[in-house]
Amino acid sequence: MDPTLLGRLIDGHAAALVLYARQWCAAPEDVVQDAFLKLMVQARPPEQVVPWLFRVVRNRAISVARSERRRQRHEAFAASRTAPWFAADPGKELDAQTLRAALGELPLEQREVIVAHLWGGLTFEQVAGLVGCSTSMAYRRYVAGVSVLRDRMGVVPC
Amino acid sequence: MLNHTPDPALNGFTRGLADLAPDPGGLDRDRLLFRAGGALLTRRLRRWQAVAGLLAVAVLSLGAALVFRPTRTVEQVVYVSVPLFLPIPPEEPGTAETPSFSPGRAEPGPLLRAEPNGFRLRQQVLLFGVEALPAPHPWSGPAPAAVPLEKLLGIPIESLDRASTLHLSNRLNSGEKQ
């Protein structure tokens, strides 16, 4: 793969991939780095690179989470709980810490759909293929999760 | 479509969510690019190592097959030109085969009796036919010794005069009968 293209992929999707991997494991940076290295050594690049990266990150993060549970690295997992999920920006309407707390309370099925669609930029078809459900199911999970987030963040619908 | 829900208020909320950028954490872009280049180099190196290993195995296999290959027996027809007349080696007197007579056996042929190597001639005739025998050569033995005149006449030579002796010698040498 062209290093320039790899650089563009890192700039555009690495943060979202890290956020996506955070939903499972305590060391998301290693997972994302392994995914990019795996992409680099592919003899033939995948047709849809970004969904491929999300799939690799998901599989790797789940595997790492199992290893973390086996090793009982509670300290590392607790540290990951306190790590910021979003870049703090006082100018934004929504607070990053509040969003992180509300997002962490959602079920995993809704969280991963929201992260993959909102910050990963995947379509619902791609999200459905990623999580292994139908497109309508992915859409329903997304709407339900965002509605809960809005309620928990205290945003009044206008 | 991104952020598309039937609820317009919900769409506005999701747009606000999307404005918050995820935190990349401790991911170092330059370090990741450096490691990606190293991984690519390692992959190419491993590819060449695999090719070199395969070639080495192929060379060793071919060498072993060349050294330890089994001997094959190939059956084929080979035409050999055989001379019509087999040369008869000269036999030494002590090693000549002497046919032994035994009762009940056939009498050896005339060739066997005529020549010391008659048995070989007989075999040659049986193998190749009569035409294979060499052509009979003319008599090449020593000329018979001249018989003295007095021995032929049975009288002493002193009893004849010189003229009679010459006349009789000429008549004998010319083959004239008396």
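**Exercise 1. Find how many residues each chain gives to the contact between chain A and chain B.**

Count residues with heavy atoms within 4.5 Å of the other chain. Chain A gives 44 residues and chain B gives 32 residues. This is a predicted model: local features need pLDDT of at least 70, side-chain atom pairs need pLDDT 80 or more, and totals for chains, interfaces and linings use all residues. Residues are numbered from 1 along each chain as its sequence is written, chains are lettered from A and ligands numbered from 1 in the order written, and side-chain values use heavy atoms, without hydrogens and water.

**Exercise 2. State the area buried between chain A and chain B.**

Take the accessible area (1.4 Å probe) that the two parts lose on being put together, summed over both. The result is about 3300 Å². Carbon and sulfur atoms give 71% of that area.

**Exercise 3. Count the salt bridges across the interface of chain A and chain B.**

Look for a side-chain nitrogen of Lys or Arg within 4 Å of a carboxyl oxygen of Asp or Glu. The rule finds two. B:Arg29 and A:Asp11 meet in a salt bridge, at 2.6 Å from N to O.

**Exercise 4. Classify the aromatic pair of A:Tyr20 and A:Trp24.**

Rings of Phe, Tyr and Trp (its six-membered ring) pair if their centres lie within 6.5 Å; planes under 30 degrees apart are stacked, over 60 edge-to-face, the rest tilted. The structure holds five such pairs over all chains. A:Tyr20 and A:Trp24 lie 5.1 Å centre to centre, with 80° between the planes. The pair is edge-to-face. A:Tyr20, A:Trp24 and A:Phe54 form one aromatic cluster.
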